[in-house]
Structures are given as C-alpha cells and as structure tokens.
Amino acid sequence: MTPVHEPRHQTHVAGALASAFLAGPWNEDALVSRAGQAISPTPRWIRRVAASVLAAYHHAPVDRPRELATYVRLTIASLREPPTTERPRVRRYLLSEERMGRRRWPVAELETTADLAELLGLDLGRLDWLADVRGLERSVDPEQLRNYRYLWLSRKGAPPRAIERPKAMLKAAQRRVLREVLDHIPAHDAAHGFVAGRSARSHAAVHAGAAVVVRLDLEDFFASVTAGRVFGIFRTAGYSEGVAHKLTGLCTNVIPQAEWAALPAVKEPAVLASQWRLGRRLATPHLPQGAPTSPALATLAAFSLDRRLTGLAERFGARYTRYADDLAFSGDATLGPRMVSLVAEIARGEGFLLNEAKTRAMPRSARQQLCGVVVNEHPNVKRGEYDLLKAILHDAAVNGPAAANRSEHPRFSAHLLGRIAWVEQLNRRRGQRLRERFAAIDWSVG
C-alpha cells in the first residue's frame, strides 16, 4: 500500500478541492458533486474526504480557504490506496469568494480584498504595492521605490533605534486601518500605553504607596512583534485569510538590506549581541516604529503576555501594569529575583526578551518612579522637573521669552503649556502655581 500521491500533487489537488467545496451548499452530496467538476477522474476516496471535512467544519469555513486546503491535503495524505489507482488531476478551480468570520468587535466589515481597497480609496494594484506582497522593500535600493523612509537614532549602551516612517499614501492607509479596525479591538486591562482613557499616569497610579516597585523593560518591543502575530490579530477580529494577509502587509515592514549594512560596526560585546538580535528582527516582517498602526498592534499583540503576567502578579500578591515596553509590578518584599526570573521566562514564551540592564527594584525608602511619575505616596511630578519649569518661567518673566527659550523650541509657549498641563495631572496645586506664573508673562514680546 502506498500514499495516494506525492506532496506537491496533493497540494494542487487539495487547493482545487477546497475551492470546490466552498463554492456551494455545505453537505456531503454537494461536496462530492463539485469535487467531480474540479478534479478528474473522481477518486473513490473523495466521499471519505468530504465526510471528514464536514465532521471537522460544521459550517463552511468561508473565511479560511487556505486552512481548509491544508486540512484536505493532510486528509488525502493519510489515505492509502492500491498502487494502480489513477491519480486525479485538476480540471478547473471553481470560484469561491471569501467572507468574514464572526466579528467579535464592531470593526469595519470587509468581506473581500476589494472591500479593503474601497475602504482605503485604492485600486487593487495600489493595495498590493502598499502591502508589499512581493517583498520588494527588503531589496530595492532607490529610495523612491520604497514605502518607508529610515532614520537611525543612536542610544548609549544599545544598538541604534530604527525609525521606519511610512510615506504619505501608506501612512494614510494605516491611519484608516487604525480608525476603522484597531480602535475597536479592546486591549487587556493591564495595558495603559496607547489605549484610550489610559495614560502614563494611570499606569503609575496603580503602584502608588507600595513597599516595593519593580520596573522592567522589553527589548525592541515593536520589532519583536512578527507578521504572524499581526495576522492572528486580524484573523481574531473576523477577517478572512486574504483580507488579513493584506492588512498584515500594510502594517508590517522589512528593513532594506542596504540600510542595515550601512550602520557603523559595533565593538562592545554586549551591544554587539543586542544589535545582532535587532538585526534578525528587522530582517523579517515586523511592526515598524513610526507607523500609526504599530502602537495599537503592539498593545494587542501583548494581550497574552499581559494576561499571564497579571496571573503571575496575583500569585505574588502584587499588582501589574504595562505602558508600551515598560512593565511594572508592586507589592511587598517578596518581589525579588525569583519573580523577575519568572517574568523573563513568560516574556520569552510570548516572543519578547527583557532588557535586564534596565530592571530596577525600588523600595519605598528610595524614589519610586514609573514613566517619569513618582509613586512613593501618590502620583507626583519629580521635584527637579517642577523646579526646572519654575526657573524657565522666572527667566521668561525677567528676561523675556526669547532669552528663556534656550533650546530654541519653535513653539516655546505651547511647549511650556504642555509641560505645565502634565504637572497639573500629577499635582494640581503645583500645576496651578506654574500656570499662574505663565499667565503673568507677556508672550508677545520677542
């Protein structure tokens, strides 16, 4: 007894059968009948395959044709027939149109890739170009042929940070995806970064007044989120495989080889290791830091991480929150190396690595700070930051705004108002004092 036929032939036959199965009524006789139109001669095992498909899928998986084709291929591969059995060949592919699966949230209803193109105001060819279905971004050298512009920011004791800025047309498409899709998918309760109604203050406030606060950092947060995980987010939202594939292409990127090769050589062993890891991440489809969709997708991609770390915190009688790549735990003195080791293990299991050099355990006797917020007793602004703003406002009052604007900020007064508003969120009394000083200055001078 030998397998029905070799793997490549099975793949073609399975694809034709999957399309045929999805092209009409979902019952055994109808599946067998359409199979006879798709392949010839009709094998005697086709009814067994049809029955197996119906047992596995009670409803037609119209949003999962590739998954169905894989299931059919594996089912065929498991069959055994006499060697004399004539191999069926593909006669035709019956047309079957993908449809959305169950919508868990009120995301945009996009049945087909044509619907996605219409939502974004693109034709199908332009959609394919922006989604980079041919993977050209990684290899093309001329900047005008790329969908992204690149900027490298140096970091002390770390590899440079890659900023991948989408060009205007892609950025507009990503913003539409953010508004119509991602904004409707809820993040985990522990996530406070890039989530409406939450902030660095709400992230820090959870840990105010704790005996010990532990701060940890995820290495290369955006670059660690793979295209496979992004695809899973869109599939979970109910989009068909084809639409989810295009959405994933729109929201992920690969750094061109020429960009990476142009970076200066690194000599420090610790930095060299982390730069090697970063290079591996950037060389495969990942979330680009600079795309408007990346913060939301990174937050959603960390849902399982947040769920597991919330459970870990409960085991230690602690509290947990995350702001982007900053993890925070607070509790009593039991929050020590054992818990940090478990956090690292869970993070690895979820596709992330801790930046161990940034791990800090902060007792109440020292300053406890999260995302620039002091939390020893209640959320508060750092005294040094408050004093600096007072000094700047005093300088502006005495010497004029132009003299005080030493950093030559183009919108100096608006910049200061933003910093004052941040202080007000953390310490209303101090913020009001700063605002009164600001109001007493004639900003039209200089």
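**Exercise 1. Work out how helix α3 packs against helix α4, and which residues make the contact.**

*Solution.* Start with the geometry: α3 (residues 46–56) packs against α4 (residues 65–77) at an angle of about 135 degrees, and the two axes are 10 Å apart. Here helices (H or I, at least four residues) and strands (E, at least two) are DSSP runs, numbered from the N terminus. Axes are lines fitted to C-alpha atoms, for helices over the stretch in contact, and angles run from 0 to 180 degrees between N-to-C directions.

A quick note on what you're looking at: this is a predicted model, where local features need pLDDT of at least 70 and side-chain atom pairs count only at pLDDT 80 or more, while totals for chains, interfaces and linings use all residues. Residues are numbered from 1 along each chain as its sequence is written, and side-chain values use heavy atoms, with hydrogens and water left out.

Next, name the arrangement. Angles under 35 degrees count as roughly parallel, over 145 as roughly antiparallel, 65 to 115 as roughly perpendicular and the rest as oblique. The pair α3 and α4 is therefore oblique.

Then check the hand: α3 and α4 cross in a right-handed way. (A crossing is right-handed if the near helix is turned clockwise from the far one by less than a right angle, and left-handed if anticlockwise.)

Last, list the residues. From α3 come Val49, Ser52, Val53 and Ala56, and from α4 come Leu68, Tyr71, Val72, Thr75 and Ile76. Contact means heavy atoms within 4.5 Å. Sorted by type, the residues of this α3–α4 contact are seven nonpolar, two polar and no charged. (Ala, Val, Leu, Ile, Met, Phe, Trp, Tyr, Cys and Pro count as nonpolar, Asp, Glu, Lys and Arg as charged, and the others, Gly among them, as polar.)

**Exercise 2. Find the buried residues of α9 and describe how α9 meets α10.**

*Solution.* Begin with burial. In α9 (residues 227–236), the buried residues are Ala227, Val230, Ile233, Phe234 and Arg235. Buried means under 20% relative accessible area, exposed over 50%, and partly exposed in between (1.4 Å probe, protein chains only). Those buried residues of α9 pack against α7 (168–180), α10 (241–251) and α13 (294–301).

Now pick out α10. The axes of α9 and α10 come within 9 Å and cross at roughly 130 degrees. That makes the two helices, α9 and α10, oblique to each other. The crossing of α9 with α10 is right-handed. On the α9 side the contact uses Ala227, Val230, Phe231, Phe234 and Arg235; on the α10 side, Glu241, Ala244, His245, Leu247, Thr248 and Cys251. The residues of this α9–α10 contact come out as seven nonpolar, two polar and two charged.

One more thing: after α9 comes Gly238, with a positive phi near 110 degrees.

**Exercise 3. How many residues of α13 are buried, and what do they pack against?**

*Solution.* Count first: eight of the eight residues of α13 are buried, so the helix is largely enclosed by the rest of the structure. They include Pro295, Leu297 and Leu300. Then look around: the buried residues of α13 pack against α7, α9, α10, α14 (303–315) and β8.

**Exercise 4. Put the strands of the four-stranded sheet in order and find its edges.**

*Solution.* The order in this open sheet is β8-β9-β7-β10, with antiparallel pairing. Two strands pair if DSSP finds at least two bridges between them. At the edges stand β8 (319–323) and β10 (360–363); each has a single partner strand, so one side of each is left without a neighbour in the sheet. On average, neighbouring strands of this sheet are turned by 20 degrees against each other, direction ignored.

Zoom in on one pair: β8 and β9 (residues 326–331) run antiparallel and are joined by five bridges. Across from Tyr323 you'll find Asp326 in β9. Finally, add the helix: α15 (residues 337–349) lies across β7 (212–217) and β9, at about 30 degrees to β7.

**Exercise 5. Is Phe221 buried or exposed, and which residues does it touch?**

*Solution.* Locate Phe221 in the loop between β7 and α9. At 5% relative accessibility, Phe221 counts as buried. Leaving aside neighbours within four places in sequence, Phe221 is in contact with Ala298, Ala302, Arg322, Ala324, Asp325 and Phe352.
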